[in-house]
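I opened this entry to look up ring contacts and one arginine. Notes follow in the order I took them.

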Amino acid sequence: MTADRIETSVLPSASLIAAVLPKLSLYGRYQQGFRPGGLAIESDFVRRFENDRVRTLESGVRYGLAGVDSAYLSASVSHTIWQDIQADFIDATGLPSTANIGDGRIWTFSATGGWKPVAGLTLDAGFTYNDSRVTEPSANLFVALARMSQVPNIARYAGRLGADYRRDVGRDLELRVYGWARYVGRSRLGVGPVLGEEQGDYLDTALTARVGRASLGVTFGVTNLTDSVGNRFALGTPFQVGSGQITPQRPRTVRIGLDAAF
């Protein structure tokens, strides 16, 4: 059998910003988005899953500009309504499939900022908190969703710290040392006893030094400084029997590089 489908979607968006002081501004934003639906093959059956749609209303405040002011800060709160959420699960034959798991909502608070305490040094930080919930689960997947309240693939916490230092060495050379540490909180990949496993809860780090000029430079970098082990994505291959599938962090890696611009 063959089938086709034509779909038209209108995605409105609007934003407003008001400069209340020379460096202070308030803003609001509304936006919609969607992912197209498709077909999922399960054993001898072909099942259609619908597109999912999000509606987000965000408001926030900004003080200063990154790269311009010695200190800058922004914070925002947003509320997202997510209809017909698409999520992955393992079907009866042991293969991955996709289904609409129901409706959900997400409250998000995020803040980022930076500071230049001395000439050549910039410190930055960011933090995000997500409170997500599947509010109206699909009747077909109600049992599988009973052990999961969060929307799949959305971590409750995430944060980042970074530093960037620059200084002149010699007549036309510059030394730059920059690094960061990023934490990704726990989330769940999908629905069910296999894809419902936890992922995240790991720390990723990097440190890089560069000496040179704009047209030529030598770099030395290290990623995953602590050589920590983390589960970035809780799926390896659907043909593996049992649980414990992970996509691990990249191990500690040392890199020496040469860059040139012509």
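**Aromatic rings**

I searched the structure for aromatic pairs and found 1. Its partners are Tyr-129 and Tyr-157, in a tilted arrangement, with 5.4 Å centre to centre and 45 degrees between the planes. I noted that the pair links distant parts of the chain, as the two residues are 28 residues apart. Tyr-129 belongs to strand E10 (residues 121-137), and Tyr-157 to strand E11 (residues 157-169). The model is a predicted one, which I keep in mind for every distance here.

I then asked whether Tyr-129 is buried or exposed. Tyr-129 has 27% relative accessibility, so I entered it as partly exposed. Tyr-157 has a relative accessible area of 41%, so it also went down as partly exposed.

**Charges over rings**

Next I looked for charged ends sitting over rings. I found the charged end of Arg-62 over the ring of Tyr-27, at 4.4 Å from the ring centre. I also found the charged end of Arg-176 over the ring of Tyr-178, at 4.1 Å from the centre.

**Arg-105**

I looked up Arg-105 last and placed it in strand E9 (residues 102-115). Its relative accessible area is 19%, and buried means under 20%, so I recorded Arg-105 as buried.

What lies 2.8 Å from a polar atom of the Arg-105 side chain? I found the backbone oxygen of Asp-131 there. Leaving aside neighbours within four places in sequence, I listed the contacts of Arg-105 as His-79, Thr-80, Ile-81, Asp-131, Ser-132, Arg-133, Thr-135 and Val-151. Asp-131 therefore appears in my notes both for its backbone oxygen and in the contact list of the buried Arg-105.

Note on methods: Residues are numbered from 1 along each chain as its sequence is written. This is a predicted model: local features need pLDDT of at least 70, side-chain atom pairs count only at pLDDT 80 or more; totals for chains, interfaces and linings use all residues. Side-chain values use heavy atoms; hydrogens and water are left out. Rings of Phe, Tyr and Trp (its six-membered ring) pair if their centres lie within 6.5 Å; planes under 30 degrees apart count as stacked, over 60 as edge-to-face and the rest as tilted. Helices (H or I, at least four residues) and strands (E, at least two) are DSSP runs, numbered from the N terminus. Buried means under 20% relative accessible area, exposed over 50%, partly exposed in between (1.4 Å probe, protein chains only). A charge sits over a ring if NZ of Lys or CZ of Arg is within 6 Å of the ring centre and within 35 degrees of the ring normal. A polar contact is a pair of N or O atoms within 3.5 Å; within protein, one must be able to donate a hydrogen and the other to accept it, and residues adjacent in sequence count only if both atoms are side-chain atoms. Contact means heavy atoms within 4.5 Å.
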